[in-house]
Amino acid sequence: MALQLADYVSYAGLPFKHEGRYLRSQEHDSLIIDTRKNYFIWNSQGLAGNLSQFIKAYYGVSDREMHFRLKAFTKTNPHQKAAVKADYSTKSAVGPVAPLDAAGMAYLTQYRHLDPRLITFAAEQGLLGSDGYHNVIFNWFDAPALWWAKMCKAL
């Protein structure tokens, strides 16, 4: 379940009025939120998207500021925290991942010119592998900085 635009609008106290399944901005006539699809459309600006795109467009802020606003929103709405955690899966999207094979090692060293020590370390940590078609799988999700720090200490 994704973060709900309607919940954010009420959290932020933005002037919107209900019109069936839509929320219409009282400040900007062409700004509409479809509550069923959890999507906004701002016709006069030519913009549309999800909650993060809405925050950037409505307030005219950077990605960093948008993340601060989302974090504050999820802190004050405990049911939204569960939605954030449910969005990020920790399972591999490509299926079973085998250890890195010789074809993958050759590809990364010869064609991508990566240091063999880096490749070996990442493979030992389970961050690199191969699928059934000899494709290289980069198997990390939320903590690339953590393994990078480990790798720098190991070298």
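Strands β4 (residues 39–42) and β5 (residues 47–49) run antiparallel, with three bridges joining them. Here strands (E, at least two residues) and helices (H or I, at least four) are DSSP runs, numbered from the N terminus, and two strands pair if DSSP finds at least two bridges between them. This is a predicted model, where local features need pLDDT of at least 70 and side-chain atom pairs count only at pLDDT 80 or more, while totals for chains, interfaces and linings use all residues. Residues are numbered from 1 along each chain as its sequence is written, and side-chain values use heavy atoms, with hydrogens and water left out.

**Strands and hairpins**

- Over in β5, glycine 49 is the bridge partner of phenylalanine 40.
- The hairpin of β4 and β5 has four residues between the strands, and glycine 46 there takes a positive phi near 70°.
- β4 also runs antiparallel to strand β3 (residues 31–34), and four bridges join that pair.
- One of the matched pairs is isoleucine 32 with isoleucine 41, its bridge partner in β4.
- β3 and β4 make a hairpin too, again with four residues between them.
- Which side chains of β4 point to the buried face? Phe40 and Trp42 do, while Tyr39 and Ile41 point to the other face and are not buried. Buried means under 20% relative accessible area, exposed means over 50%, and partly exposed is in between (1.4 Å probe, protein chains only).

**Asparagine 38 in the turn**

- Asparagine 38 sits in the loop between β3 and β4, and has a positive phi of about 55°.
- With a relative accessible area of 15%, asparagine 38 is buried.
- A polar atom of the asparagine 38 side chain lies 2.8 Å from the backbone nitrogen of leucine 5. That fits the rule for a polar contact: a pair of N or O atoms within 3.5 Å, where within protein one must be able to donate a hydrogen and the other to accept it, and residues adjacent in sequence count only if both atoms are side-chain atoms.
- Glutamine 4 is 34 residues away from asparagine 38 along the chain, yet their C-alpha atoms are separated by 6.1 Å.

**Nonpolar cores**

- In soluble globular proteins, nonpolar side chains tend to be buried together.
- A nonpolar core here is a set of buried Ala, Val, Leu, Ile, Met, Phe, Trp, Tyr and Cys residues joined through side-chain atoms within 4.5 Å.
- The largest one has 19 residues, and those with the most contacts inside it are Phe16, Leu31, Ile33, Phe40, Leu51, Phe54 and Ile55.
- The elements giving two or more residues to this core are α1 (5–12), β3, β4, α2 (51–59) and α3. Of these, α2 gives the most, with four residues.
- Apart from this core lies another, of seven residues, among them Leu108, Ala122, Leu127 and Leu128.
- Not counting residues up to four places away in sequence, phenylalanine 16 touches Val9, Leu23, Arg24, Ser25, Gln26, Leu31, Ile33 and Phe54. Contact means heavy atoms within 4.5 Å.

**Helix α6**

- Leu118, Ile119, Phe121 and Ala122 are the buried residues of helix α6 (residues 116–124).
- Why are they on the same side of α6? They cover an arc of only 165° around the axis, the arc being that of the directions from the helix axis to the C-beta atoms.
- Arg117 and Glu124, on the other side of α6, are exposed.
- Glycine 126, just after α6, takes a positive phi of about 85°.

**Salt bridges**

- Side chains of opposite charge can pair when their charged atoms come close.
- A salt bridge is a side-chain nitrogen of Lys or Arg within 4 Å of a carboxyl oxygen of Asp or Glu, and the count by this rule comes to six.
- In helix α3 (residues 63–76), glutamate 65 and arginine 69 lie four residues apart, about one turn of the helix. Salt bridges that share partners also join Lys17, Glu19 and Arg24 into one network.
- Glutamate 65 and arginine 69 form a salt bridge, their closest N and O atoms being 3.2 Å apart.
- In the network, glutamate 19 meets lysine 17 (3.9 Å, N to O) and arginine 24, with the closest N and O atoms 3.0 Å apart.
- Glutamate 19 is partly exposed at 33% relative accessibility, and lysine 17 is partly exposed with a relative accessible area of 39%.
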